[in-house]
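I opened a fresh page for this model. These are my notes on what I looked up, in the order I looked.

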Amino acid sequence: MSSGDSTEFDAIVIGSGISGGWAAKELTEQGLKTLLVERGRNVEHRRDYVTESQPPWAFSHGMQVPKEELQTHWSIQKNSGWVNEATKHFFTKDSEHQYVQEKPFNWIRGFQLGGKSLTWGRASWRWGPQDFEANAKDGHGCDWPVRYADLAPWYSHVERFAGIAGDRDGIWHLPDGEFQPAIGMNVVELHIKSVIEQRFPGRHLINMRSAHLTQPTQEQITLGRSACQSRNECARGCSFGAYFSTQSATLPAALRTGNLTVLTDTVVHSVLYDPTRKRASGVRLIDAHTRQGREIHARVVFVCASTLGSTQILLNSMSSSFPKGIGNRHGILGHYLMDHVWGGGGRGVVRGFEEHFYRGRRPASTYVPRFRNIEGDRQTFLRGYGFGGAASREGWEGLAAAAGIGKDLKASIRKPGGWSFGFYGIGEMLPRYENTVRLDPHRTDAYGIPLLSLNCQYSENERLMVQDMARSAEEMLKAAGLEQVRTYASNPLDTPGNVIHEAGTARMGRDSKTSYLNGYNQCHEVPNLFVTDGAALASNACVNPSLTFMAFTARAADYAVTQLKAGKI
Amino acid sequence: MLSSRRDFLGALSAVGVVLADPAWAAAQARVSEKKILQGRAGRVLSADQVAFVDRVADLIIPPTDTPGASEAGVVGFIDRLLAEYEDPPGRTTFLEGLEDFRRRADIAVAPSFMKASEARQFAFLQAEDVRAAEAQRSSFFVELKRKVVIGYYTSEVGATQELLYLPVPGPFQPDVVVTGETRNYAL
């Protein structure tokens with residue numbers, strides 16, 4: 001990786017996660033000399049996956065982080081459930097990076113090269129036509145300036161490169177993509193699928209579409225990637241490159257063009273604005289260790305620092321032309337923050353199937369796509385949710401919690417236990433103006449950048465949705481013949497941020513008075529400034545958003561290059 | 001395809017490189033500390049407490065055709081949990097609970113739990129286990145049993161001899177036939 005002395009680039013990409021990695025790849029492949037700036041440390045593929053392959057006995061405390069260490073350093077990150085002894089080094093220390101919670105919000109962050117692409121859940125769904133129409137139909141949020149047809153070819157583009165394992169299920173509202181063979185359902189899931197699809201026409205239980213290679217393409221092999229080995233320790237990093245991350249995929253692709261320079265340990269303070277040309281002129285950088293500042297200039301800037309990271313930078317990019325943050329002429333920047341909502345679901349016991357087991361630790365699950373407020377269904381709440389879930393045989397932890405000691409206990413744990421199946425809902429959160437982020441007026445971080453202050457909460461639509469998750473879970477689980485069915489509906493709802501699908505605050509829209517970006521993720525007011533990560537979303541659908549970040553990024557990069565070559569930006 | 005196999009082997013050897021890494025060697029050094037403390041005091045547990053916990057653990061998970069909790073170093077694991085994982089309140093709670101439990105054990109299996117026959121020791125623990133299951137709320141015994149179980153099944157003995165540990169399972173197989181040999185997975 002080069003780290004050149006040049007201060008002039010064609011493009012600067014801020015952030016190296018899911019979106020930033022894609023921007024770097026697309027721009028460099030189009031011939032642009034590109035600087036990729038990452039605030040966190042370098043993480044080198046393979047070498048820096050320091051806990052990869054370590055067996056259970058290599059961890060002193062059964063995978064748990066010591067209590068005081070966890071509370072001191074990951075007091076917020078720990079709420080995500082993802083932080084353990086094997087993964088903690090890929091989660092930002094809250095002790096070192098503060099933000100302000102005007103209302104509770106768990107901002108889960110990964111400040112390192114690759115960002116959260118190292119630790120993400122890999123579920124990869126296209127949005128459907130209904131998702132792009134939702135705001136226009138019910139009036140929440142502003143109308144999307146694009147429709148599914150605009151994104152479809154770009155979903156194909158990113159799926160082919162990233163490698164998505166899934167089935168062509170033929171569901172119009174969860175469109176099929178370019179897939180490698182699905183990882184596969186076990187016998188109990190197949191049974192539950194057949195019952196649900198028969199008893200509830202129009203509902204489906206499908207393989208989760210997942211960014212894992214099952215049949216690597218030549219392009220993926222050439223990048224050094226190989227097929228998933230079912231270890232399910234993805235968040236430690238994968239030397240097989242079997243799941244999509246910046247490290248496994250977009251970074252090597254960008255590096256081999258010879259057009260990429262990567263700068264880690266470098267915080268972006270602000271995007272610079274040239275009032276004469278009415279363009280972004282570059283970025284102000286701060287070395288994370290020396291605190292030295294400098295400016296780097298470029299012809300186009302892509303902001304891909306994660307939803308909240310990007311908006312923090314944009315708000316801090318103040319000038320006399322834009323005292324409220326670059327491009328923020330009408331004050332829309334910071335508003336309409338969303339996460340997803342969860343907290344409703346259920347599980348039950350499945351009798352029989354004792355002759356069946358599975359081999360390997362499947363890094364994916366199954367999914368029931370949205371069936372609420374779709375195809376004539378009408379609920380008391382708007383929009384909808386899907387269920388992720390899986391069937392499994394009871395392992396040693398569950399079996400050991402049962403009564404018994406001695407030889408009998410040991411013997412019962414040695415064999416796989418009974419089957420159970422459960423699923424949990426993830427639902428769409430409505431965009432609301434008052435869910436907002438701003439710069440704290442008083443406090444700054446170690447780099448002199450104002451802390452981000454978050455004011456976001458769920459409301460009645462989300463509460464009703466979660467209650468319905470529990471009801472419909474019960475209905476389906478009982479119909480499938482499960483016993484000891486237990487459902488749950490969080491009340492009060494979990495703290496927003498925990499689903500780690502935060503989106504919005506620099507939204508796309510048709511009207512420059514009520515949106516920050518146009519249909520090409522291009523800032524209405526600053527045509528060489530693009531924001532392509534979750535900050536751009538005007539609504540959030542109910543499916544994991546990362547594939548959509550990838551598609552928007554690739555599409556916007558293509559547009560930016562065209563505009564640049566035509567002398568328009 | 002040859003090039004895909006070459007890359008797979010490359011990745012496999014990269015995984016091997018990770019295993020030889022200094023960080024990995026340090027992990028292995030920690031592992032060797034987990035062996036039986038053999039009558040010595042631990043970092044938190046006294047010599048008496050070590051002996052008691054070791055005995056109880058070996059009754060909960062005894063030697064069968066595979067080693068039991070004692071040989072798997074479970075008491076060392078629990079001592080390490082107390083020394084490194086627990087915070088001061090958690091440590092205090094456990095130690096107070098342990099002392100209370102030892103007292104009750106010595107009363108139930110008078111004059112001394114540690115000097116009693118295995119059958120009497122086992123009967124006491126079994127009664128504790130039944131009572132805990134009926135009470136349906138946590139007790140010291142439930143906590144101790146949980147730590148013993150985690151210590152055993154995450155140990156090399158438990159994970160590789162008693163259960164099946166597959167470091168690199170390969171492409172996922174969604175349906176395999178259960179035989180008499182089938183074991184639960186360590187992970």
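**Entry 1: a serine and its backbone partners**

I started at S245(A), where a polar side-chain atom sits 3.3 Å from the backbone nitrogen of Q247(A). The model is a predicted one, and I read every distance with that in mind. I then checked S248(A): its backbone nitrogen is reached by the side chain of S245(A) at 3.0 Å. I placed S245(A) in the loop that runs between α6 (218-222) and α7 (246-255) of chain A. Is S245(A) buried or exposed? Its relative accessibility is 1%, so S245(A) counts as buried, the cut-off being under 20%. Setting aside neighbours within four places in sequence, I found S245(A) in contact with S117(A) and T250(A).

**Entry 2: a tryptophan**

Next I went to W125(A), in the loop between β3 (100-101) and α3 (129-138) of chain A. W125(A) has a relative accessible area of 0% and is therefore buried. I listed what W125(A) touches beyond four places in sequence; the list includes Y155(A), L174(A), I206(A), M208(A), R209(A) and Y367(A). Also among them are V543(A), N544(A), L547(A) and T548(A). With N544(A) I noted a polar contact, side chain to side chain, at 3.1 Å. I also took one long distance: W125(A) and P416(A) are 32 Å apart from C-alpha to C-alpha, and 291 residues apart in sequence.

**Entry 3: the cores**

I looked up the nonpolar cores. The largest has 139 residues. Which members touch the most others? They are F244(A), I326(A), Y516(A) and L529(A). Helix α4 (residues 148-162) of chain A supplies the largest share of this core, with eight residues. In general, nonpolar side chains tend to be buried together in soluble globular proteins.

I followed I326(A) outward. Not counting residues up to four places away in sequence, I326(A) touches V271(A), L272(A), Y273(A), A280(A) and L314(A), among others. Its partners also include S317(A), L333(A), Y516(A), V526(A) and L529(A). Apart from this core lies another, of 48 residues. I noted A400(A), V74(B), F77(B) and V109(B) among its members.

**Entry 4: chain B**

I turned to chain B, which has eight helices and one strand. Along the sequence the pattern reads α-α-α-α-α-α-α-α-β. Of its 187 residues, 45% count as buried. I looked at contacts in chain B between residues at least 6 apart in sequence: 61% of these join residues at least 24 apart. The accessible surface of chain B is about 9,100 Å², with 56% belonging to carbon and sulfur atoms.

**Entry 5: where chain B meets chain A**

How many residues does each chain give to the contact? Chain B gives 80 and chain A gives 60. Between them the two chains bury about 6,200 Å², and 60% of that is on carbon and sulfur atoms. On the chain B side, Y85(B), F172(B) and N184(B) lose the most area to chain A; together they make up 13% of what that side buries.

I then counted the polar links. Three salt bridges cross the interface of chain B and chain A. I looked at D65(B), which forms a salt bridge with R414(A); the closest N and O atoms are 2.6 Å apart. Across the interface I also have 31 residue pairs in polar contact, both residues at pLDDT 80 or more. Helix α1 (residues 2-19) of chain B gives the most to the side of chain B that touches chain A, with 11 residues.

**Entry 6: backbone oddities**

I searched for cis peptide bonds. One joins N491(A) to P492(A), with omega near 5°. P492(A) is in the loop between β16 (483-489) and β17 (529-531) of chain A. Another joins A110(B) and P111(B), with omega about 0°. I found P111(B) in the loop between α5 (88-108) and α6 (118-135) of chain B.

I also looked for positive phi outside glycine. Q484(A) has a phi of about 50°. Q484(A) lies in strand β16 of chain A, and its relative accessible area of 48% makes it partly exposed. T505(A) has a phi of about 95°. I placed T505(A) in the loop between β16 and β17 of chain A. Is T505(A) buried or exposed? At 0% relative accessibility, T505(A) counts as buried.

Terms used:
Residues are numbered from 1 along each chain as its sequence is written. Chains are lettered from A and ligands numbered from 1 in the order in which they are written. This is a predicted model: local features need pLDDT of at least 70, side-chain atom pairs count only at pLDDT 80 or more; totals for chains, interfaces and linings use all residues. Side-chain values use heavy atoms; hydrogens and water are left out. A nonpolar core is a set of buried Ala, Val, Leu, Ile, Met, Phe, Trp, Tyr and Cys residues joined through side-chain atoms within 4.5 Å. Buried means under 20% relative accessible area, exposed over 50%, partly exposed in between (1.4 Å probe, protein chains only). Helices (H or I, at least four residues) and strands (E, at least two) are DSSP runs, numbered from the N terminus. Contact means heavy atoms within 4.5 Å. Accessible areas come from the Shrake-Rupley method with a 1.4 Å probe; for residues, only the protein chains shown count as cover. Buried area is the accessible area (1.4 Å probe) that two parts lose on being put together, summed over both. A salt bridge is a side-chain nitrogen of Lys or Arg within 4 Å of a carboxyl oxygen of Asp or Glu. A polar contact is a pair of N or O atoms within 3.5 Å; within protein, one must be able to donate a hydrogen and the other to accept it, and residues adjacent in sequence count only if both atoms are side-chain atoms.
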